[in-house]
2 protein chains.
Amino acid sequence: MASLAERIEALIAARSLKPGDRMPAERSLAAEFQVSRSSLREAIQQLVSRGLLISRHGGGTFVAAPDEAEPVRTALLPLVSLAQSEAGYWRDVMEIRKLLDSDTASFAALRADEADKARLVSAYQAVANAPADDPETQARADAAFHMAIAQAAHNAVLHQIMAGLHGLLEISISDSLRRLYDLPGILDLLNQQHRQILDCILAGNAEAARQAAADHLTFVESRLRLIEDSATRQRRSSRALQHIAEEKEALS
Amino acid sequence: MASLAERIEALIAARSLKPGDRMPAERSLAAEFQVSRSSLREAIQQLVSRGLLISRHGGGTFVAAPDEAEPVRTALLPLVSLAQSEAGYWRDVMEIRKLLDSDTASFAALRADEADKARLVSAYQAVANAPADDPETQARADAAFHMAIAQAAHNAVLHQIMAGLHGLLEISISDSLRRLYDLPGILDLLNQQHRQILDCILAGNAEAARQAAADHLTFVESRLRLIEDSATRQRRSSRALQHIAEEKEALS
DNA sequence: TACGGCAAGTGGTACGACCAATATCGCTTG
DNA sequence: CAAGCGATATTGGTCGTACCACTTGCCGTA
């Protein structure tokens, strides 16, 4: 027999419940499935943690919106431990990004329609106009620009993978990502590279876009290596203390 | 305050529990966290569904092995609906595989150590020796061979992505994947291509490996397109009946 | 010493109760 | 008559208890 969570999913599909629709009450569902509310709640909590349902205390349980990017982010949560345990994990991420960002830019140059191009220009301007003293906004706008390229590539799988890679980078070296924008004179260089990628895509020049993206990623990786190398030493010394803090928090 | 599931994760980290280690009993943990066993179980079930824990009835709850591939497979479950709703989803998957499998083979040729090469040879032989009349075993051995290449590429992220892509393919066109091996004379062709990829990797010839993998994937995609195109028509007509069956199963 | 069975411990499930947040409906009131 | 408001029903969140099924391991017996 299928697991309870799967049976609930099947029920959603069978009833054609759309995002935002209200689920039957827990007591009703429990009766319908002929299980206790406890067991039903365990199953519901699994679906909630997977982002398929949303529970509101006193309000009800609703089908969540399949947020195109959100499922990928939650999907990567199990990898957090792995990403944090291996210090060089971000290098693996960047190695793949060097490959995929090139292909993404190439596809985008070939396939971007007018709506894609409008989004790309908008995203580029957001990066260029981001306040120079706000690394947080810089990082978000930068990621949004690359995600706009991924969207313009018109490949759902590629889009999801790129979203995942950004998430993994965020997890493994979020601090260094912020500090990247503090390097002297780097904003102009990044903007220049972004502009070149943008122009190549808008012009439909796939090969040039590929090369521009490859150069950009190589540049970013080299700078991140500088930052991360110097940060690794300090981090190592503070790890023991962190463990104690975690134990304390777990028992709080 | 952190969620209960997070507090449990923190406890695992703080206690340095390794895969296979036994978790405290539910009743003990509930007392330690000062929550009811019901609430604790809801949190534990979330971690179980995410593959971090394994519960054995009567035996205890154990920390799961970070199976390198398994978390990705469960992580992709939220994408099932998307994979199934879009008929052409598998084309996106194959498009990315054409790119990544080439790079994977290239990396493997450059980085494979003796243990990797032994695994590759073993995996290849498993494919070549799989019974010709057993598509299920064929498909599994084939996937295992490609995963061995991904492992030999020595990039954790790449390995996870490849595992995810195989999972997505399995979800979207598992039937066609099985029927692939029924095409007349295809086994010899596939084995020949696999052999070429293997030889190039063993010889350390990165460029040849890349080309061999690219040719292989292009070939497989063309054959899958033949099968899938002819299958699409029939599937469409039986979809209505399937929904009824799901409703029935959900209430069973 | 080896074997078998019993008891303790564990996860799985169920039922009932209560609390807190929310939604719903009806009543009062302007 | 309509709008605001308060009581009530509904819903998710939590707790406690009890019982079952299974595993483990210990102890007693052969």
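1. A polar side-chain atom of B:T61 is placed 3.2 Å from a phosphate oxygen of DNA strand C, and this contact is a convenient point at which to begin reading the model, which is a predicted one. Two further polar contacts belong with it: an N or O atom in the side chain of B:R41 lies 2.7 Å from a phosphate oxygen of DNA strand C, while in the other chain a polar side-chain atom of A:H57 is 3.0 Å from a base nitrogen of DNA strand C. The elements that give two or more residues to the surface near this strand are α2 (26-33), α3, β1 (53-56) and β2 (60-63) of chain B, together with α3 of chain A.

2. Taking the surroundings of DNA strand C as a whole, there are 24 residues around the strand, and those that come nearest are A:H57, B:E26, B:R37, B:R41 and B:H57. Of the atoms of DNA strand C that come within 4 Å of the protein, 58% belong to sugar and phosphate. Sorted by class, the surface near DNA strand C holds 13 polar, nine charged and two nonpolar residues.

3. For DNA strand D, the residues that come nearest are A:E26, A:R37, A:R41, A:H57 and B:H57, out of 23 residues around the strand. Sugar and phosphate make up 57% of the atoms of DNA strand D that come within 4 Å of the protein. The class count for the surface near DNA strand D is 13 polar, eight charged and two nonpolar residues.

4. Which parts of DNA strand D are reached by the side chains of A:R27, B:H57 and B:S39? For A:R27, a polar side-chain atom lies 3.0 Å from a base oxygen of the strand; for B:H57, an N or O atom in the side chain is 3.0 Å from a base nitrogen; and for B:S39, a polar side-chain atom lies 3.0 Å from a phosphate oxygen. The elements giving two or more residues to the surface near DNA strand D are α2 (26-33), α3 (37-49), β1 (53-56) and β2 (60-63) of chain A, along with α3 (37-49) of chain B.

5. Between the two protein chains, helix α6 (residues 89-111) of chain A and helix α6 (residues 89-111) of chain B have axes that come within 11 Å and cross at roughly 150 degrees, which means that α6(A) is roughly antiparallel to α6(B). The crossing of α6(A) and α6(B) is right-handed. On the chain A side the contact is formed by A:E95, A:L99, A:L100, A:D103, A:F107 and A:R111, and these meet B:E95, B:L99, B:L100, B:D103, B:F107 and B:R111 in α6(B). By class, this contact has six nonpolar and six charged residues, with no polar ones.

6. Within chain B, helix α7 (residues 114-129) and helix α8 (residues 135-152) pack with their axes 8 Å apart, at an angle of about 165 degrees, and α7(B) and α8(B) are therefore roughly antiparallel to each other. The crossing of α7(B) with α8(B) is left-handed. From α7(B) the contact includes B:L120, B:A123 and B:Y124, and from α8(B) the residues met include B:A141, B:F145 and B:A148. The class count for this contact is eleven nonpolar, two polar and three charged residues.

7. What is the angle between α8(B) and helix α10 (residues 186-203) of chain B? The two helices pack at about 15 degrees, with their axes 12 Å apart, so α8(B) and α10(B) are roughly parallel to each other; their crossing is left-handed. In this contact B:Q138, B:D142, B:F145, B:H146 and B:I149 of α8(B) meet B:L187, B:H194, B:I197, B:L198 and B:I201 of α10(B), and by class these residues divide into six nonpolar, three polar and one charged. A reader tracing α8(B) may note that B:F145 and B:I149 appear in the contact with α10(B) and also in the contact with α7(B).

Terms used:
Residues numbered from 1 in each chain as written. Chains lettered and ligands numbered in written order. Predicted model: local features only at pLDDT ≥ 70, side-chain atom pairs only at ≥ 80, totals over all residues. Heavy atoms only, no water. Axes fitted to C-alpha atoms, helices over the stretch in contact; angles between N-to-C directions. Helix = DSSP H or I, 4+ residues; strand = E, 2+ residues; numbered from the N terminus. Parallel < 35°, antiparallel > 145°, perpendicular 65-115°, else oblique. Left-handed = near helix turned anticlockwise from the far one by under 90°. Contact = heavy atoms within 4.5 Å. Nonpolar A, V, L, I, M, F, W, Y, C, P; charged D, E, K, R; others polar. Near = heavy atom within 4 Å. Polar contact = N/O pair within 3.5 Å; in protein donor to acceptor, adjacent residues only side chain to side chain.
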